[in-house]
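The following note sets out some points for a student who is reading this structure. Please keep the sequence and the model in view while working through them.

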Amino acid sequence: MKNLPNFKSELLLSFMDIGQKSALIYSQMSWYELATYTMEESDGVFSKVHLHIGDVVTIHEEDSDECYAIIKGIFKYKGNDDKYYAFITIDWFDNINRIHNVLKCPLFRIQTSQDIRCRRIFSISIIDYVQKVHFVYDTKIDLWIKNNYYFTAI
């Protein structure tokens, strides 16, 4: 994941997103397969979040509504204040505006690592939901099917 195009510049942008607005002077990082943390919702309720490489997550983008991504890496990086910050690397799902013939669900592809239209490194706090939506990979057509029939029973 460190070989992503523009890794350092995207990491700097991610630090700026969380209020760290100076050049990166350290290069200390550690990579992980999973992360667990507690976050406070806007209504004051605390939720425990478990992230694993390969999880599908929902991210709200300013330009669009809900966007979907798959976690490709989880790492911590030492900031200039000698504190460590958690980040993720992701691959975005790209809606190709086609519907599966049988299931009648939307089809997506994974953006390639050379597709530099969208950033791929973010603070771990950008994640809105983990596994709120489910995707199934169809090897025959080499596309991902958004499973509109999966729901959580209340």
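**Notes on the predicted model**

1. Burial and surface. Of the chain's 154 residues, 37% count as buried. The model is a predicted one, and the values below should be read accordingly. The chain exposes about 9,600 Å², of which carbon and sulfur atoms supply 52%.

2. Secondary structure. How many helices and strands are there in the chain? The chain has one helix and eleven strands. Along the sequence they follow the pattern α-β-β-β-β-β-β-β-β-β-β-β, with the helix written at the start of that pattern. Among contacts between residues at least 6 apart in sequence, 54% join residues at least 24 apart.

3. Salt bridges in general. Side chains of opposite charge can pair when their charged atoms come close. A search of the whole structure finds four salt bridges; the next three points discuss R119 with D17, D82 with K78 and D94 with R109.

4. R119 and D17. These residues form a salt bridge in which the closest N and O atoms are 2.8 Å apart. The pair links distant parts of the chain, since D17 belongs to helix α1 (residues 7-17) and R119 to the loop between β7 (106-110) and β8 (121-123), 102 residues apart. Are the two partners buried or exposed? D17 counts as exposed because its relative accessibility is 51%, and the cut-off for that class is over 50%. R119, with a relative accessible area of 22%, is partly exposed.

5. D94 and R109. The side chains of D94 and R109 meet in a salt bridge, at 2.9 Å from N to O. D94 lies in strand β6 (residues 84-99) and R109 in strand β7, so the pair ties together parts that are 15 residues apart in sequence. D94 is buried, with a relative accessible area of 18%, whereas R109 is partly exposed at 28%.

6. D82 and K78. Another salt bridge joins the side chains of D82 and K78, with an N to O distance of 3.6 Å. D82 has a relative accessible area of 46% and is partly exposed. K78 counts as buried because its relative accessibility is 15%, and buried means under 20%.

7. Aromatic pairs. A pair of aromatic rings is described by the distance of the centres and the angle of the planes. The structure holds 14 aromatic pairs. One of them is formed by F15 and Y85, whose arrangement is edge-to-face, with 5.5 Å from centre to centre and 80° between the planes. This pair links distant parts of the chain: F15 is in helix α1 and Y85 in strand β6, 70 residues apart. Both rings belong to buried residues, F15 having a relative accessible area of 1% and Y85 one of 18%.

8. W92 and F122. These residues also form an edge-to-face aromatic pair, with centres 6.0 Å apart and 90° between the planes. Here W92 in strand β6 and F122 in strand β8 are 30 residues apart, and the pair links distant parts of the chain. W92 and F122 are both buried.

9. An aromatic cluster and a charge over a ring. Which residues form one aromatic cluster? The members are F7, F15, W31, F75, Y77, Y85 and F87; F15 and Y85 are the edge-to-face pair described above. Separately, K76 lies over the face of Y84, at 4.5 Å from the ring centre.

Methods. Residues are numbered from 1 along each chain as its sequence is written. Side-chain values use heavy atoms; hydrogens and water are left out. Helices (H or I, at least four residues) and strands (E, at least two) are DSSP runs, numbered from the N terminus. Buried means under 20% relative accessible area, exposed over 50%, partly exposed in between (1.4 Å probe, protein chains only). Contact means heavy atoms within 4.5 Å. Accessible areas come from the Shrake-Rupley method with a 1.4 Å probe; for residues, only the protein chains shown count as cover. Rings of Phe, Tyr and Trp (its six-membered ring) pair if their centres lie within 6.5 Å; planes under 30 degrees apart count as stacked, over 60 as edge-to-face and the rest as tilted. A charge sits over a ring if NZ of Lys or CZ of Arg is within 6 Å of the ring centre and within 35 degrees of the ring normal.
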